[in-house]
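Colleague: I am new to this one. Please show it to me, and then let me ask how each label was earned.

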Amino acid sequence: VPLKTTPDLDHTVRFSCQRTSSLVCPNQELCEQLDVVRKLRELEGEERSSLSYRRAVASIKSYPRQLSKCDREEIARLPNIGTKISKMVLEYLENGNINEVEKIKASERYNALVLFASIYGIGPSTARNLYARGLRNLRDLEAFYEVNGPPVEGIEGPQSVEMDIQIALGLRAELAIKIPREEVELIHRTIMNELEVVQPGCVSMIVGGYRRGKSESNDVDIVFTHPDASKAIGLCTKLVRRLHEQGMVTHVMHLSSFHAHNALRTTHWDSLEKSLTVFRPPIPNPTRRRVDLIFALPETYWTAVVGWTGSTMFERDLRSVAKLQGMKFDSSGITRRHDSTLFYPRTEKEVFDMFGLPWIDPTLRNA
Ligand code: TTP
Ligand code: MN
Ligand code: MN
Ligand code: MN
């Protein structure tokens, strides 16, 4: 029986993990406009400013009705919106656009940085460096990284960030095509069938944007575990090898195994075993897809599910709420800071209960 989100959650609470945020909100276009500024600030490396916009957008996302220019008081009551951004909100409500946003969207620098950073492996600072070297478009990028066609297949994993970028750039046109829900489900079933061969009895869940209700995804995110911990360790590598042998995984962008991170927490696996892959569905005329495979030990399954369902903003605020309570939340578990006690919730709801948060349905975590 699906759990029901607490009705009428207060939209003025501080953290997005305490509120509901639907996929599309009544003030969608306003959110998209402000998000342009957020994105520019992020690309320019202005972390604090970018976070202010991210928080403001998230606040508006939770507002239940369409705002109008008469709603000054309502806007003032929204959390995380200061003078500057509230002026922009009013400008939008009065004119239907925001001057600063129009200027950003028209700028060559912004468009080039957005394009560069859309390639896996290129972050904001690399994007700025490329721009400073005079690069402006895809052809410039391909020439710079010496990409002329699809990358050589193999699952050894890239030896350098440059190789990651070469793979992502070589497959850019294909990987830019969005994945409809039915295909996400088909890919999940296909992978589970192969996993059953490698290790019978695994359980899994499709997470990420799909679970938040997106009609089209940029990739497929799947969290796996096996009820028997001894059978869960090392599975990721085995599965990826099997999928490669079957001609389904053509590239691995990143592979990491379980590893103890902090000497103080030697019993705890800080990092989940995961593989970020390029997957070729076994269908006629396949389009290659990005598929993220995340393996959790059984006790960390539910924190992995919550951590990989997102959204990024929801996760960030979940970590903030945990921190205020002297706890640390991440996908691989919950830790009490003062004595490093580990907590392993046995359901997804228990993760929320642990922090005194109301249950928020995955489709309402689109902060
Ligand atoms: P993504 O797959 O990057 O994003 P998404 O599924 O929300 O949307 P789409 O793929 O359609 O663009 O990340 C999935 C979730 O996993 C994200 O919401 C937060 C979490 N996550 C991490 O915890 N760590 C990471 O390094 C990444 C990339 C994501
Ligand atoms: Mn995703
Ligand atoms: Mn993404
Ligand atoms: Mn992903």
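Modeller: What follows goes from the whole chain to its domains, one helix and a few loop residues.

Modeller: This is a predicted model, where local features need pLDDT of at least 70, side-chain atom pairs count only at pLDDT 80 or more, and totals for chains, interfaces and linings use all residues. Residues are numbered from 1 along each chain as its sequence is written, and chains are lettered from A and ligands numbered from 1 in the order in which they are written.

Colleague: How many helices and strands are in the chain?

Modeller: There are 17 helices and 12 strands. Both are DSSP runs, numbered from the N terminus: H or I over at least four residues for a helix, E over at least two for a strand.

Colleague: What makes the chain as compact as a globular protein of that length?

Modeller: Its radius of gyration, taken over C-alpha atoms, is 22 Å. The globule rule is 2.2 Å times the number of residues to the power 0.38. For 367 residues the rule gives 21 Å, and the chain's value is close to that, so the label holds. The C-alpha trace spans about 60 × 50 × 40 Å along its principal axes.

Colleague: What share of the residues is buried?

Modeller: Buried residues make up 37% of the 367. The test counts other C-beta atoms, placed from the backbone, within 10 Å of a residue's own: 20 or more is buried, 12 or fewer is exposed, and in between is partly exposed.

Colleague: Where are the domains?

Modeller: Domain 1 is 16-105, domain 2 is 112-175 and domain 3 is 179-364. The bounds come from an automatic or database domain assignment. The C-alpha centres of domain 1 and domain 2 lie 31 Å apart. Their contact takes 4 residues from domain 1 and 6 residues from domain 2. Two residues are in contact if their C-beta atoms, placed from the backbone, lie within 7 Å.

Colleague: How do you know that the span of helix α11 agrees with its length?

Modeller: The expected span is 1.5 Å times one less than the number of residues. For the 18 residues of α11 (181-198), that should be 26 Å; the end C-alpha atoms are 26 Å apart, which agrees.

Colleague: Which residues of α11 are buried?

Modeller: V184, I187, I191 and L195. They cover an arc of only 75° around the axis, which puts them on the same side of α11. The arc is that of the directions from the helix axis to the C-beta atoms. An α-helix has 3.6 residues a turn, so residues three or four places apart point the same way. On the other side of α11, E182, R189, N193, E196 and V197 are exposed.

Colleague: Why is E146 called exposed?

Modeller: E146 has 9 other C-beta atoms within 10 Å. The limit is 12 or fewer, so E146 is exposed. E146 sits in the loop between α8 (138-144) and α9 (161-170). Its phi is near 55°, a positive value in a residue other than glycine.

Colleague: Why does S340 count as partly exposed?

Modeller: S340 has 14 C-beta neighbours inside 10 Å. That falls between the two cut-offs, so S340 is partly exposed. S340 lies in the loop between β11 (333-336) and β12 (342-343), with phi near 60°.

Colleague: Why does N137 count as exposed?

Modeller: N137 has 12 C-beta neighbours inside 10 Å. Exposed means 12 or fewer, so N137 qualifies. N137 is in the loop between α7 (124-132) and α8.

Colleague: Where is the cis peptide bond?

Modeller: The cis bond joins G310 and S311, with omega about -5°. S311 is in the loop between α15 (301-309) and α16 (312-324).
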